[in-house]
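Okay, thanks everyone for coming. I'd like to walk you through one structure today, so have a look at it first and then we'll talk.

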Amino acid sequence: MHFGKVIGIIGGGQLGKMMILPANLLGFKVHCFSNESGSPATIFAHKSVIGDYNDELALIEFAKECDFLTIEFESLNTDALKAIEKEFPHIFSPNEYGVFVTQNRFREKKFLLENDIDTPNFAMISSEHQAINFFSKNGKFILKTVENGYDGKGQYVIEKEEDILGSEISFSQGFLIAEKFVPFTLETSTILTRALNGEIVYYPTPINIHKNGILYKSIVKRGGVGWHNKTREIATRIADILNFVGTLAVEFFVLETGEVLVNEIAPRPHNSGHFTLDLCNVSQFENHIRAITGLPLIQPKLIFEGEMLNLIGTDINLALNILDNNSAKLHIYGKKDIRSKRKMGHINFIYDEIST
Ligand code: ADP
Ligand code: MG
């Protein structure tokens, strides 16, 4: 019987919080390891440990009290995850390898190429000279940090040669990834949950619109979309090769020709899957909890068409305007400070009339 068992989550952000809510409903206790007290997940956790994500011993100590362990962000010390896998076999999902590959853009690209999965052209560069060379061959491109980038952070769009020389880009930290700018017609993502026995369930496919490198909204319509069999097939291969357990998201660029390129892989529930909380019969978070604890997965179904709108920085003030809108489901993450480019919450708008 699983009731009362402890799930540990490494990371204290909103994804952790949204995992805790269904975990509690299913009868689990959740412990949270965060580097910041008062962060969204720590407010809801049964117990929180505040520590450094690089502190291997602290993470092992944390794991000791957990029956199951998972993460809600990938930029952490995988040596600690390896040590946990060794000391407490089978408690950690998705698995150390999946986190190791996807937390570093270079390893991720290498993994995709080795498995014949298309991704934008790229090169590893470590000097302005190499950047200029890449520009002369590829034209417009994006420079990305290899690790720790998210929500468009650590990215520089290079439209002309002067952007390389005139920017604040520094090669002092080592290599950056130069990635050809893709003139995509749209962005989408495949979100799936994979169980320990390899069973996979898929969520409806959103169209994702970004502004300044940050997800702005995800739109979800009934009936699926033309390219989604292709993206599901690719995401399935990725999940199978990584032997992934839990919810995984793969971001794609769809080209005019109908070709799809993998942009990046998230080894966890994803912002573009937040619509599942109010538009589907089961959320990406509930199935994640089910997968990592060995409970049966629920087959996702779209109940309502709609869209998810992120509340970034001071957008959170918009929340006040929709409180009396009965087609708007508001999610506030509970972060202590409003900062520009920081995800503060989201709204799931339901297009269909809610049947009463
Ligand atoms: P993050 O980890 O910050 O989400 P991404 O690599 O997904 O980083 O980039 C964020 C967004 O920037 C993408 O969703 C896309 O809109 C844009 N972008 C990133 N790489 C490219 C590219 N090679 N060509 C065109 N747009 C890109
Ligand atoms: Mg992204």
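So, which residues line the largest cavity? Before I answer, keep in mind that this is a predicted model. The lining is made up of Arg105, Glu108, Lys109, Leu112, Lys144, Glu179 and Asn263. Helix H6 gives the largest share, 4 residues. Sorted by class, that lining has 5 charged residues, 1 polar and 1 nonpolar. The space inside comes to about 40 Å³, and the count of cavities of 30 Å³ or more is 1.

Now the second largest pocket. About 260 Å³ of space lies in this one. There are 16 lining residues, and those nearest the centre are His90, Phe92, Ser93, Leu196 and Val245. Helix H11, residues 284-293, contributes the most here, with 3 residues. As for the classes, we get 8 nonpolar, 6 polar and 2 charged.

On to the cores. A bit of background: in soluble globular proteins, nonpolar side chains tend to be buried together. In this model the largest nonpolar core has 21 residues, and Ile238, Leu248, Val250, Val262 and Ile265 have the most contacts inside it. At least two core residues come from each of these: helix H6 (105-114), strand E9 (186-194), helix H9 (228-241), strand E13 (246-254) and strand E14 (260-266). There's also a second, separate core, with 20 residues, including Ile10, Phe62, Ile71 and Ile84.

Let me zoom in on Val250 for a moment. If you skip its neighbours within four places in sequence, Val250 touches Thr188, Ser189, Thr190, Ala235, Ile238, Val262, Glu264 and Ile265.

Glu264 in that list takes me to the metal. What are the protein donors of the magnesium ion, ligand 2? They are two OE donors from Glu251 and one OE donor from Glu264, at 1.9 to 2.6 Å from the ion. Glu251 sits in strand E13 and Glu264 in strand E14, so this pair ties together parts of the chain that are 13 residues apart in sequence.

And are these two glutamates buried or exposed? Glu251 is buried, because its relative accessible area is 11% and the cut-off for buried is under 20%. Glu264 has a relative accessible area of 23%, so that one counts as partly exposed.

That's my tour, and I'm happy to go back to any part of it.

How values were computed:
Residues are numbered from 1 along each chain as its sequence is written. Chains are lettered from A and ligands numbered from 1 in the order in which they are written. This is a predicted model: local features need pLDDT of at least 70, side-chain atom pairs count only at pLDDT 80 or more; totals for chains, interfaces and linings use all residues. Side-chain values use heavy atoms; hydrogens and water are left out. A nonpolar core is a set of buried Ala, Val, Leu, Ile, Met, Phe, Trp, Tyr and Cys residues joined through side-chain atoms within 4.5 Å. Buried means under 20% relative accessible area, exposed over 50%, partly exposed in between (1.4 Å probe, protein chains only). Contact means heavy atoms within 4.5 Å. On a 1 Å grid over the protein atoms alone, a cavity is a set of points where a 1.4 Å probe fits but cannot get out, and a pocket is an open set with protein on both sides within 12 Å along at least five of seven lines; lining residues have an atom within 4 Å of a point. Grid points are joined across faces, edges and corners, and a volume is the space filled by probe spheres set on the points. Ala, Val, Leu, Ile, Met, Phe, Trp, Tyr, Cys and Pro count as nonpolar, Asp, Glu, Lys and Arg as charged, and the others, Gly among them, as polar. Donors are N, O and S atoms within 2.8 Å of the metal (3.2 Å for Na, K and Ca); water is not among the atoms, so sites may look incomplete.
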